[in-house]
Amino acid sequence: MFSWYGLTLVDYVVVAVGMAAAMFGVYWLLRRFGVGRETSTGYALILPWLIGLVVWTVGPFLASLYLSFTEYAPIQKGWPTWIGLDNYVEMFTEDRRFWRVLRFTLGYSVINVPLGLIGALLTATLLNQDVKAIGVWRTLYYLPAVLPAAATALLFRWMLASNGLLNDMLSPIYNLIDVDRPSWFTDPEMVLPAYIIMGLWGVFGANTVILLAGLKNIPRDLYDAAKIDGAGRWSMYWNVTIPMLSGTLFYVLIIGIIGSLQTFTQAFFIQHTARAGTFMNVYIYQEAFERNNMGYASALGWVMLVIILLFTLLVFRSSSAWVYYEGERAK
Amino acid sequence: MITNDTPSSSAPTMTTLAASAPVSSGSSGGRRWDSLIVRVIIYALLLAGVAVVMIPFLWMISTSLKNASDLFVFPPEWIPNPIQWNNYPDAWNALPFDRFLLNTLFTTILAMFAEIVSAAIVAYGFARFRFPGRDVLFIILLSTMMLPGILTLIPKFIMWRELGRIDTFTPLTVGAWFAWGPSFIFLLRQFFMTIPREIEEAATIDGANVVQTFSQIMLPLVKPALLAIAVLSFQGNWNNFEGALIYLNTLEKYPMVLGLQFFGASLSREAPQWHLMMAMATMMAAPILLLFFFAQRYFIEGLTVGAVKG
């Protein structure tokens, strides 16, 4: 009965011992071939990651590229069959669900990330105004980020039910403008706004804490210098705070884009109406593991990768215009 | 308390600088009123923000203690009457949550340990040793953070299947030996780089080898960073839904998060038992919340070091 724990324990120990042996082996081999001590030690130490990179990242990466050009249903047929670009053609011409999913995923990120960033920047700025008991405020703001995504999702499914708390609280407004209570996650029109509300609640606190740390990191003498030059409060904010914080803003933006484009867990707990579309990662999961189309799912994964790369490149490209680096770090 | 902000919270900020400006000497009374109003507005806004943040939390706990018949009372009732403590054991016993907890602890502890050890070793290698290709490899490491996990998931699933490890805990734990968390390596490397080289040189002169220097001198010095990683890793593995969903099929092998999903999707599909679901969600979140209250400093350190020092 407990053999499944035992099996994993054995696997775990075998891999650990094997890894240690491989590290010593690499060191010994390199030394034998006359490589210097420092170089050999360095390679031996990064070996776990290096093996992981090849086995768990580069290998699967190339395999999924290959699979994206095949039809692969591992439950019925053992091997993938090469079908060229058919998966991609199907995706862009026939699969209407794909466009809905893409619009949903992009719509979520495009609204959620900037709102979360601006809101967090405002809150962090307020918290940086010599506020008393800063630790307490920070704890309170950070709490949503600590709640497991699963719990957050269930909680919002409940709060945003048609007879849930949000509608109860907003019901005076609904009565005033004479509209019915929306049933957020079951009304295709309202699913995206509902997810955005939930997403904002979740990321807002983490972003606030990161930006606050960035604000606290700005050297005080810069403000003193600006004061001597006669800068006002707003001018200091725009000309000192924002440029000095731009590196942190950049980080939060990149992490936010990558994270929000890959939203996954929440959808499984909320089970919103399928007519609204869903997140790309959920769609990929469904194709791969529920409909057994692993080839098509891999093609979808590659489109997802390209989208993420495009967004990050865009931000990176634009960063030279708005991210300020101190002298020695300029490239 | 968080140590980082002690120096800066006592230092003057923008507002106080502006308020104490010599320019305002002519109308100092008005200035003081201005700044008082500004203070009040700041605290009011912050309080409003805290309300938005806390209301869902309190609602979760309130719901978890309600009678099923009181769930949809309008206007909403914040303090349940009577308080249904029974919801917690009821929810716990609706599914084999004892087993789910054991499974979660098993995978979380194994994955966490391997993740921390391997990340520390690799980070030390990147931080302290010069070897050809190091900088290129480190850039590759950073760029793997951008890869969508879903892309490599299908080939990984096929690999684990070929190894006969589907529906076991192995895919969720053993992979951690390969330093699968690039952000942890990055964070630890930043810490290792702040340690003066003289310390290691002294150890080498005393005849310590790399293994001894690393485990007896360097690791104790980066203990805060290790703890920061430990809490983040605990959180990540405790909540790991995607991996559990894909690799585990048997109910008895579910971790808590998958049990919670099963509970929400099957047991209360027709008539959602929100009180039990909220009790379950609270119990699942409780260890993380407790950890956060006691080790807050490390959460925040882990969260911010990449952003601020990077």
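Biologist: Is B:Ala123 buried or exposed in this one?

Modeller: B:Ala123 is buried in this predicted model. The reason is its count of 29 C-beta neighbours inside 10 Å, because the cut-off for buried is 20 or more.

Biologist: Where in chain B is B:Ala123 placed?

Modeller: B:Ala123 sits in helix α5 of chain B, residues 97-128.

Biologist: And what does B:Ala123 touch, not counting residues up to four places away?

Modeller: Four residues are in contact with B:Ala123: B:Ile185, B:Leu188, B:Arg189 and B:Phe192.

Biologist: Which residues touch the most other members of the largest nonpolar core?

Modeller: B:Ala123 is one of them. The others are B:Ala119, B:Val122, B:Ile185, B:Leu188, B:Ile229 and B:Ala281. The core has 164 residues. Chain A feeds into this core too, with at least three residues from each of domain 1 (3-67) and domain 2 (89-329).

Biologist: How far apart are the centres of those two domains of chain A?

Modeller: The centres of domain 1 and domain 2 of chain A are separated by 36 Å, taken over C-alpha atoms.

Biologist: Back to B:Ala123. What separates its C-alpha from that of B:Ile83?

Modeller: 51 Å, with the two residues 40 apart along the chain.

Biologist: Now chain B overall. How many helices and strands?

Modeller: Chain B has 16 helices and zero strands. It has 310 residues, and 41% of them are buried.

Biologist: What share of its contacts join residues at least 24 apart?

Modeller: 77%, among contacts in chain B between residues at least 6 apart in sequence.

Biologist: Switching to the interface. How many residues does each chain put into the contact?

Modeller: Chain B gives 92 residues and chain A gives 94. On the chain B side, the largest share comes from helix α3 (residues 28-64), with twelve residues. That side divides into 64 nonpolar, 22 polar and six charged residues.

Biologist: What ipTM does the predictor give the complex?

Modeller: The ipTM is 0.88, and the pTM is 0.87.

Biologist: Different topic, helix α12 of chain A. Why is it called largely enclosed?

Modeller: Eight of the eleven residues in that helix, 280-290, are buried, so the rest of the structure largely encloses it.

Biologist: Which ones are buried?

Modeller: A:Met280, A:Asn281, A:Val282, A:Tyr283, A:Ile284, A:Tyr285, A:Glu287 and A:Ala288.

Biologist: What do those buried residues pack against?

Modeller: In chain A, they pack against α4 (96-127), α11 (265-270) and α13 (294-322). Chain B adds α7 (149-162).

Biologist: What happens just after α12(A)?

Modeller: A:Asn292 takes a positive phi there, about 60°.

Biologist: What is the mean pLDDT of chain A?

Modeller: 88, with 97% of the residues of chain A at 70 or more. Residues 327-331 of chain A fall below 50. That stretch has one contact in the model beyond near neighbours in sequence.

Biologist: And chain B, what is its mean?

Modeller: Chain B has a mean pLDDT of 83, and 87% of its residues reach 70 or more.

Biologist: Where in chain B is confidence lowest, and where highest?

Modeller: Helix α1 (residues 6-10) is lowest, at a mean of 36. The highest is α5(B), at 95. That is also the helix that holds B:Ala123.

Biologist: Over which residues of chain B does pLDDT stay under 50?

Modeller: Residues 1-27. The model has 28 contacts for them beyond four places in sequence. Where pLDDT is low, the predicted coordinates should not be read in detail.

Key: Residues numbered from 1 in each chain as written. Chains lettered and ligands numbered in written order. Predicted model: local features only at pLDDT ≥ 70, side-chain atom pairs only at ≥ 80, totals over all residues. Core = buried A, V, L, I, M, F, W, Y, C linked by C-beta atoms within 7 Å. Buried ≥ 20, exposed ≤ 12 C-beta atoms within 10 Å, placed from the backbone. Domains from an automatic or database assignment. Helix = DSSP H or I, 4+ residues; strand = E, 2+ residues; numbered from the N terminus. Contact = placed C-beta atoms within 7 Å. Nonpolar A, V, L, I, M, F, W, Y, C, P; charged D, E, K, R; others polar. pLDDT = per-residue confidence, 0-100.
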